[in-house]
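Welcome! Please open the model in your viewer and keep the selection tool handy. We will go from stop to stop together.

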Amino acid sequence: MKVIGYTRVSTEEQSTNGVSLAAQADKLRAYAALYDLEIVAIIEDPGQSGKTLNRPGIQQALNMLRTGQAEGLLIAKLDRLTRSVADMGALIGEFFAGSQFSLLSVADQVDTRSAAGRLVLNVLTSVAQWEREAISERTSTALQYKKSQGIKLGAPALDDAETITRIVSLRADGKTLREIAAVLEAEGRSTVRGGKWAPETIKKILARQGVA
């Protein structure tokens with residue numbers, strides 16, 4: 001079967017072991033050799049966030065599927081394709097729900113050529129949605145409890161439960177630290193001291209909430 005290999009890294013991930021474009025491409029070639037797949041091209045999206053499908057690489061790969069240049073898309077991990085549950089659902093609906101095109105993910109052991117593979121993909125997508133909502137819910141509940149007990153949270157932005165919940169939700173949606181800072185600025189949210197948001201500040205807030 002002919003497949004298109006797709007790799008992606010965001011700016012933050014480019015130096016992380018196992019996430020680089022070269023490392024992903026190596027995994028794709030090894031998987032293709034093992035399962036007798038023909039990689040017609042490996043499309044890259046360097047320095048691109050997974051929060052949206054508005055990326056030149058993924059659009060090129062999808063257009064190659066539409067024009068019959070391959071029968072499937074091969075990725076190293078599902079989050080390389082997208083970190084958005086909504087976008088994953090849209091991709092499944094348009095491309096991978098039936099037998100027209102196949103999606104194969106090395107790390108997640110997804111192969112939608114079978115009904116079982118499509119089931120695994122749907123389950124993983126549902127779990128991702130649940131995890132995102134659960135993290136946001138737990139964070140909001142914990143912060144509201146602390147405030148009700150009169151606990152002074154202190155530190156930049158830590159006395160604003162709504163902002164913290166927003167930060168955690170954005171992170172769970174796959175946004176980078178810089179992207180979260182930009183969103184907070186665009187929404188008119190400022191730190192307790194009235195300053196601008198910095199990635200390092202957001203990183204500390206997420207760490208205190210137990211979120212990477």
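Is Ala 107 buried or exposed? Select Ala 107 and switch on its surface: with a relative accessible area of 54%, Ala 107 is exposed. Here buried means under 20% relative accessible area, exposed over 50%, and partly exposed in between, using a 1.4 Å probe and protein chains only.

Before moving on, note that this is a predicted model, in which local features need pLDDT of at least 70 and side-chain atom pairs count only at pLDDT 80 or more, while totals for chains, interfaces and linings use all residues. Residues are numbered from 1 along each chain as its sequence is written, and side-chain values use heavy atoms, with hydrogens and water left out.

**Stop 1: around Ala 107**

Colour by secondary structure, and you will find Ala 107 in the loop that links strand E4 (102-105) with strand E5 (110-111). Helices (H or I, at least four residues) and strands (E, at least two) are DSSP runs, numbered from the N terminus. Now add Ala 76 and Lys 77, which Ala 107 touches when residues up to four places away in sequence are not counted. Contact means heavy atoms within 4.5 Å. Then pick Lys 27: its C-alpha atom is 9.1 Å from that of Ala 107, although the two residues are 80 apart along the chain.

**Stop 2: the whole chain**

Zoom out to see 8 helices and 5 strands. Followed along the sequence, they run β-α-β-α-β-α-α-β-β-α-α-α-α. Of the 212 residues in the chain, 42% are buried. Taking contacts between residues at least 6 apart in sequence, 63% join residues at least 24 apart.

**Stop 3: Ser 84 and helix H4**

Select Ser 84, in the loop between helix H3 (78-81) and H4. Ser 84 counts as buried because its relative accessibility is 10%. Leaving out residues up to four places away in sequence, Ser 84 touches Gly 50, Lys 51 and Asp 173. At the start of H4, look for a side-chain oxygen of Ser 84 within 3.4 Å of the backbone nitrogen of Ala 86.

Next, show helix H4 (residues 85-96) and highlight its buried residues Val 85, Asp 87, Met 88, Leu 91, Ile 92, Phe 95 and Phe 96. Why do they share a side of H4? They cover an arc of only 155° around the axis, which puts them on the same side; the arc is that of the directions from the helix axis to the C-beta atoms. Turn to the face away from the buried side of H4, and you meet exposed Ala 86 and Gly 93.

**Stop 4: where H7 meets H8**

Show helix H7 (residues 177-186) and helix H8 (residues 199-208), whose axes come within 8 Å and cross at roughly 100°. H7 and H8 are therefore roughly perpendicular to each other, a label for angles of 65 to 115 degrees. Select Leu 177, Arg 178, Ile 180, Ala 181 and Leu 184 of H7 with Pro 199, Ile 202, Lys 203 and Leu 206 of H8 to see the contact.

Within H8, the buried residues are Ile 202, Ile 205 and Leu 206. Their arc around the axis is only 100°, which puts them on the same side of H8. These buried residues pack against helix H6 (161-172) and H7. The face of H8 turned away from its buried side carries exposed Ala 207 and Arg 208. Finish just after H8 at Gly 210, which takes a positive phi of about 75°.

Notes: Polar contact = N/O pair within 3.5 Å; in protein donor to acceptor, adjacent residues only side chain to side chain. Axes fitted to C-alpha atoms, helices over the stretch in contact; angles between N-to-C directions. Parallel < 35°, antiparallel > 145°, perpendicular 65-115°, else oblique.
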